[in-house]
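Here are some notes to read with the model open beside you. Take the points one at a time, and find each residue on screen before you move on.

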Amino acid sequence: MMRKLKFRLNRKTLRTMYTSFIRPVLEYADVIWDNCTRYEEQDLEKIQIEAARIVTGATKLVSFESLYHETGWEPLKSRRKKHKLVLFYKMYNRLSPPYLSSLVPANLGETVDYNLRNSQNTTTLACKTQLYLNSFLPSTIQDWNQLSSPIRNSTSLRIFKNHINTDIRKPPNYYYYGKREAQIYHTRIRTHCSNLNQHFFSKNIIDNPRCRCGAIEDTQDFFLHCPIYMDLRLNMNTSALQFDIPRDDLRVLIYGSPSADDETNMSIFKYVHEYIIRSKRFEYR
């Protein structure tokens, strides 16, 4: 369904479809089956990668790293690890049913009569098989012991979740701005998977990265130098002057200005999108 609606619905709606209806299915009871095989992990991740491509409009040329940076999503494996840590926090702090909390081993300091540097660590479980080692309790205890004491001693579940999620990057609101077609082209340029010749050349799809004007057709050439789009560029630059940004600031044209508010960045993206569409450089998908 998402594939069929890829060019009809906006990015935010497609994202909501995935996070509300698809990802919960992929993660149902994941703390139990996280010791699945590498092959099964990859199969699950492929579903999320495909969804991320649909949401952003990126092509198969995009790298996974760029795709996750663009969406602000985490690999499913990382999410499963955090889900297990959250459940263990509840068990450790008696916030879960007693039959679960009772499974938590004592801390090392409670099992010996002398002081240990890691006395606050939870006692690890002896495992005879790799399958058991990768199961919920043994694997989560290892991950738990690797957390710093301030994180493990969080005074509430909300604070604990905030600590373990500090690495999550939320994409700016203005990434969702604009008509779907221009939004997709802009995203493909940002993630280096557009049909600019340099992007194709870097993936060994074509032999020559040069533009019709003779220069290397990369993002900088398209936005700042190519004489083919000179008139369009003058219009875009004239519009950009009202926002007090340098006319040759490529990063602002691609990623927005981190010092500006969302409304200003949406206005900047408006002129960038107009430039992209009027250039007719990316008309085929």
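1. Let's begin with Ser154, which sits in the loop between α9 (149-152) and α10 (157-164). Keep in mind throughout that this is a predicted model. Is Ser154 buried or exposed? Its relative accessibility is 7%, and the cut-off for buried is under 20%, so Ser154 counts as buried. Leaving out residues up to four places away in sequence, Ser154 touches Tyr89, Ile159, Phe160 and His163. For a sense of scale, try drawing a line from Ser154 to Ser279: these two are 125 residues apart in sequence, and their C-alpha atoms are 54 Å apart in space.

2. Now step back to the whole protein. Which kinds of secondary structure does it have? The count is 16 helices and zero strands. The radius of gyration is 25 Å, well over the 19 Å that the globule rule gives for 285 residues, so the protein is more spread out than a compact globule. You can check this by turning the model: along its principal axes the C-alpha trace spans about 80 × 40 × 30 Å.

3. A few overall values are worth jotting down. Of the 285 residues in the protein, 43% are buried. If you take contacts with a separation of 6 or more, 58% of them join residues 24 or more positions apart. The exposed area of the protein is about 16500 Å², and carbon and sulfur atoms supply 52% of that area. As for charge, there are 42 positive and 29 negative charges, and their mean positions are 4 Å apart.

4. Next, please look at another serine in a loop. Ser96 lies between α5 (76-92) and α6 (98-101), and at 12% relative accessibility Ser96 counts as buried. Which residue does the side chain of Ser96 meet in a polar contact? The partner is the side chain of Ser101, at 2.8 Å. Ser101 also appears among the residues that Ser96 touches, together with Lys90 and Met91, when residues up to four places away in sequence are not counted. Over a longer span, Ser96 and Phe201 are 105 residues apart in sequence and 55 Å apart in space, C-alpha to C-alpha.

5. From the loops, go to a helix. Glu41 is part of helix α3 (residues 38-56). Although glutamate is counted as a negative charge, Glu41 is buried, with a relative accessible area of 13%. Its side chain makes a polar contact of 3.1 Å with the side chain of Lys77. Lys77 is also one of the residues touched by Glu41 beyond four places in sequence, and the others listed are Asp34, Cys36 and Arg80.

6. Helix α16 gives us two residues to look at. Asn265 lies in this helix, which covers residues 262-279, and Asn265 counts as buried at 0% relative accessibility. With residues up to four places away set aside, Asn265 touches Tyr174, Gly256, Ser257 and Ala260. Tyr255 is ten residues from Asn265 in sequence, and their C-alpha atoms are 9.0 Å apart.

7. Ile276 is also in helix α16. At 1% relative accessibility, Ile276 counts as buried. Which residues does Ile276 touch, not counting those up to four places away in sequence? They are Tyr185, His186, Ile189, Phe222, Phe223, Arg281 and Phe282. Tyr229 makes a useful pair for a distance check: 47 residues separate Ile276 from Tyr229 along the chain, while their C-alpha atoms are separated by 9.9 Å.

8. Finally, a point about the backbone. Most residues other than glycine have a negative phi. Two residues to look up here are His192 and Asn204. His192, which is not a glycine, has a positive phi near 60°. It is located in the loop between α11 (180-190) and α12 (197-202). Asn204 also has a positive phi, about 60°, without being a glycine, and its place is in the loop between α12 and α13 (219-225). How does their accessibility read? His192 is partly exposed, with a relative accessible area of 40%, and Asn204 is exposed, at 71%.

How values were computed. Residues numbered from 1 in each chain as written. Predicted model: local features only at pLDDT ≥ 70, side-chain atom pairs only at ≥ 80, totals over all residues. Heavy atoms only, no water. Helix = DSSP H or I, 4+ residues; strand = E, 2+ residues; numbered from the N terminus. Rg over C-alpha atoms; globule rule 2.2 N^0.38 Å. Buried < 20%, exposed > 50% of the residue type's maximum accessible area, 1.4 Å probe, protein only. Contact = heavy atoms within 4.5 Å. Areas by Shrake-Rupley, 256 points an atom, 1.4 Å probe, with all protein chains shown as cover. Charge placed at Lys NZ, Arg CZ, Asp CG, Glu CD. Polar contact = N/O pair within 3.5 Å; in protein donor to acceptor, adjacent residues only side chain to side chain.
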